[in-house]
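Here are my notes for you, point by point, to read with the structure open. They go through the voids, the sheet and a helix pair.

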Amino acid sequence: MDPRVRERALAELKAGVRHRSIVHRSTLDDPAVAAYFHEIHRAGDRHRVIDEPIQRLLIIDRETAFVPIEPGNPAAGALAIRQPGIVVTLIGLFEQAWSRATDLEPDAADPSPVEKQVLDLLDRLGKDEVAARAMGVSVRTFRGHVADLMARLGAANRFQIGARAKERGWI
């Protein structure tokens, strides 16, 4: 695995950028690739593993999607899609695959550094705007982190996030 890719991913996570990736289980057969995914997953990235065939897809800010021009040939480049109807459809397909996939580390006991920070900010600050500013991210990104925590903890609301985090000894 290229160390520049690793450093860039870790820097983006530290800056509050959120990624969710679905990888095919066979991808983890390469020890270097598996180590990379586990490291950035523990740093706050979200990865899920799936056994069924998947297509390459990148969606940025729910506004732009990139798909390969030629499936199976990354060197051919990617097609940028900005038409809202197509982007929403691709988001829906991603979400369906996400719901069928399993967490890379389903039994991870400890919260990631980003999760710890979000829990602290939820505890100390009342408004998302203030918490996002304190974290140095957009309100949308902060709310995304909160949604990820809710999903990970199986919480229906922010109060339950705190209660379940306390049950696990995270706070």
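1. Start with the inside. This is a predicted model, and one cavity of 30 Å³ or more turns up in it. The space in the largest cavity comes to about 90 Å³. By class, four of its lining residues are nonpolar, three are polar and four are charged.

2. Who lines that cavity? The residues are Leu13, Val17, Arg18, His19, Gly44, Arg46, Val114, Glu115, Val118, His145 and Asp148. Two elements give two or more residues to this lining, namely helix H4 (113–124) and helix H6 (139–153). H4 has the largest share, with three residues.

3. Now the open space. The largest pocket has a volume of about 2100 Å³. Its lining takes in 49 residues, and the closest to the pocket centre are Arg20, Ser21, Leu57, Leu58 and Ile59. If you want to set up a view, those five residues are the ones to put in the middle.

4. Which elements build the pocket lining? At least two residues each come from helix H1 (3–14), strand E1 (20–24), helix H2 (31–42), E3, E4, H3 and H6. H3 supplies the largest share, eight residues. Sorted by class, the pocket lining has 25 nonpolar residues, 12 polar and 12 charged. Note that H6 is in the list for the pocket and also gives two or more residues to the lining of the largest cavity.

5. On to the sheet. It is open, has three strands in the order E3-E4-E5, and pairs in the antiparallel sense. Strand E3 (58–60) and strand E5 (78–81) are the edges, each pairing on one side only. From one strand to the next, the twist averages 20 degrees. Helix H3 (residues 84–100) lies across E3, E4 and E5, and runs at about 70 degrees to E4. So keep H3 on screen with the sheet: H3 lies across these strands and also gives the pocket lining its largest share.

6. A closer look at the E3 and E4 pairing. Strand E4 (residues 64–68) pairs with E3 over three bridges, in the antiparallel sense. Ile60 has Thr64 of E4 as its bridge partner.

7. The loop between E3 and E4 deserves a check of its backbone angles. Asp61 lies in this loop, and its phi is near 55 degrees, a positive value in a residue other than glycine. Arg62 is in the loop between E3 and E4 too, with a positive phi near 55 degrees, and Arg62 is likewise a residue other than glycine. For context, most residues other than glycine have a negative phi.

8. Last, a helix pair. How do H5 and H6 cross? The axes of helix H5 (residues 128–135) and H6 come within 8 Å, with a crossing angle of roughly 100 degrees. Angles of 65 to 115 degrees count as roughly perpendicular, so H5 is roughly perpendicular to H6.

9. The contact itself: on the H5 side are Asp128, Glu129, Ala131, Ala132 and Met135, and they meet Val139, Phe142, Arg143 and His145 in H6. By class, the contact of H5 with H6 has five nonpolar residues, one polar and three charged. His145 is worth a second look, as it takes part in this contact and also lines the largest cavity.

Technical notes
Residues are numbered from 1 along each chain as its sequence is written. This is a predicted model: local features need pLDDT of at least 70, side-chain atom pairs count only at pLDDT 80 or more; totals for chains, interfaces and linings use all residues. Side-chain values use heavy atoms; hydrogens and water are left out. On a 1 Å grid over the protein atoms alone, a cavity is a set of points where a 1.4 Å probe fits but cannot get out, and a pocket is an open set with protein on both sides within 12 Å along at least five of seven lines; lining residues have an atom within 4 Å of a point. Grid points are joined across faces, edges and corners, and a volume is the space filled by probe spheres set on the points. Helices (H or I, at least four residues) and strands (E, at least two) are DSSP runs, numbered from the N terminus. Ala, Val, Leu, Ile, Met, Phe, Trp, Tyr, Cys and Pro count as nonpolar, Asp, Glu, Lys and Arg as charged, and the others, Gly among them, as polar. Two strands pair if DSSP finds at least two bridges between them. Axes are lines fitted to C-alpha atoms, for helices over the stretch in contact, and angles run from 0 to 180 degrees between N-to-C directions. Contact means heavy atoms within 4.5 Å. Angles under 35 degrees count as roughly parallel, over 145 as roughly antiparallel, 65 to 115 as roughly perpendicular and the rest as oblique.
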